Amino acid sequence: MTPLDEARSFVVGLGSKLGSVEVPVAEADGLVLVEDVVASELVPGDDNAAMDGWGLRSADATEPGATLRVVGRQMAGVADPGLTVGPGEAVRIMTGAPIPAGVDAVEMVERTSVSDGNDRNEAVTFELSVPVGQFIRRAGEDVSPGQRVLPAGTRLTPAAIGVAVSVGRRRVTVVRRPRVGVVSTGDELVTEDRPLRTGELRDSNRPGLLAAVARMGAEAVDLGRVPDDEALIEAALLRGAEDCDLVLSSGGVSMGDADLVKVILARLGDMRWMQVAIKPAKPLAAGTVGSTPVVGLPGNPVSSHVSFMLFAAPLIARLAGRNDPILRLRATLVDGLAGRPAAEVNGRVDERTHFTRVLVESDDEGVWTARSAGGQGSHQLSTMALANGLATQPGGVAIEPGAEATILMLP
């Protein structure tokens, strides 16, 4: 069998970072910058209030109980050049509003009281002393002109998109979004909305894999369900190889007489066939058709999803210019995990890493625990849907309650 790390390294090595493209910032979520984003303006552009409250001269409120006369109102987004605060005066001010002349501090409204309900002619009393500079955000406090706010190689998160827009960028140059085609094969698969006949199965792998591709931030391309017909399978694979940056197939890569994907890929491309030392998801095909990476995933539903996570997801990340997407953590197994007391199969040590579907939780103190999600058969997709992680069991050896295990978190 092929060791897991060797198989992963081979599959990820089939691809390389894609070329760049300029896109609107609003369409760049999850994409990776290929150039720095440099600020050309101050952020914020003016001194402004960090709280809803009152702008004043701190010298007028050095002791609790100071009462000042209200001389106006300053709203966010509206500058009033004629508004000036002098000795003994205060101004009603809103969060984000520019600081009027004379104001050197802001007090939040919750720590004040007013004489009546008229903001323009009332007096305001301050419960506490107010230090210079309190609750004032200075111009350029976040970003100054010439500052590199997002370096090349940054994956654009919602916050990063906000930063790019805040410094005036409307378009960014990024690694283009990978196009990933997904095809499923098999006469037994049904896509129509009708009762199943004996021996038929719903084509669940393809929709699930398309969703997994989209969750990776790639463009999912549906290549359809193809029956066990060599000409049709070959046409679908060639169409995907011509149109996509990566092709994923589901089924037909094991040792059965009807596993035609294996036969066809051997004819079309430079492929490697592996029995990976893992359970589930042992059979795997990987290689290229032309210059396009092709990964043949097993047909069992859980095996298909586990293979995607272990092999296809890191390859998609590489194409997109990102790092390995799998999050790993250590968790205490509350009830332990079933397995062999001694990992032997036919007198030989089981070299496979077993991946057990678990539900991982964290308590109020940040302590991670995990429990089995249920049945672990490679056909039992329902427990894959309930799980949020895969516990690693080297050799399939049982893990005692209270012991720790490494968990691969499902995306």
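Author: Two strands pair if DSSP finds at least two bridges between them. Strands (E, at least two residues) and helices (H or I, at least four) are DSSP runs, numbered from the N terminus. The model is predicted: local features need pLDDT of at least 70, side-chain atom pairs count only at pLDDT 80 or more, and totals for chains, interfaces and linings use all residues. Residues are numbered from 1 along each chain as its sequence is written, and side-chain values use heavy atoms, without hydrogens and water.

Reader: Which strands stand at the edges of the sheet E16-E13-E17-E21-E20-E18?

Author: This open sheet has six strands and mixed pairing. Two of them have a single partner strand each, so one side of each lacks a neighbour in the sheet. They are strand E16 (219-226) and strand E18 (270-275).

Reader: What is the bridge partner of Gly-287 in E21?

Author: Strands E20 (residues 283-289) and E21 (residues 292-297) run antiparallel, with five bridges. In E21, Gly-287 is bridged to Val-294.

Reader: At about what angle does helix H6 run to E17?

Author: Helix H6 (residues 301-319) lies across E13 (179-185), E17 (246-250), E20 and E21. Axes are lines fitted to C-alpha atoms, for helices over the stretch in contact (heavy atoms within 4.5 Å). Angles between N-to-C directions run from 0 to 180 degrees. For H6 and E17 the angle is about 175°.

Reader: Which residue in E7 stands opposite Gly-53?

Author: Another open sheet of six strands has the order E7-E4-E6-E5-E9-E8. Four bridges join E4 (residues 53-56) to E7, in the antiparallel sense. Opposite Gly-53 in E7 is Met-108.
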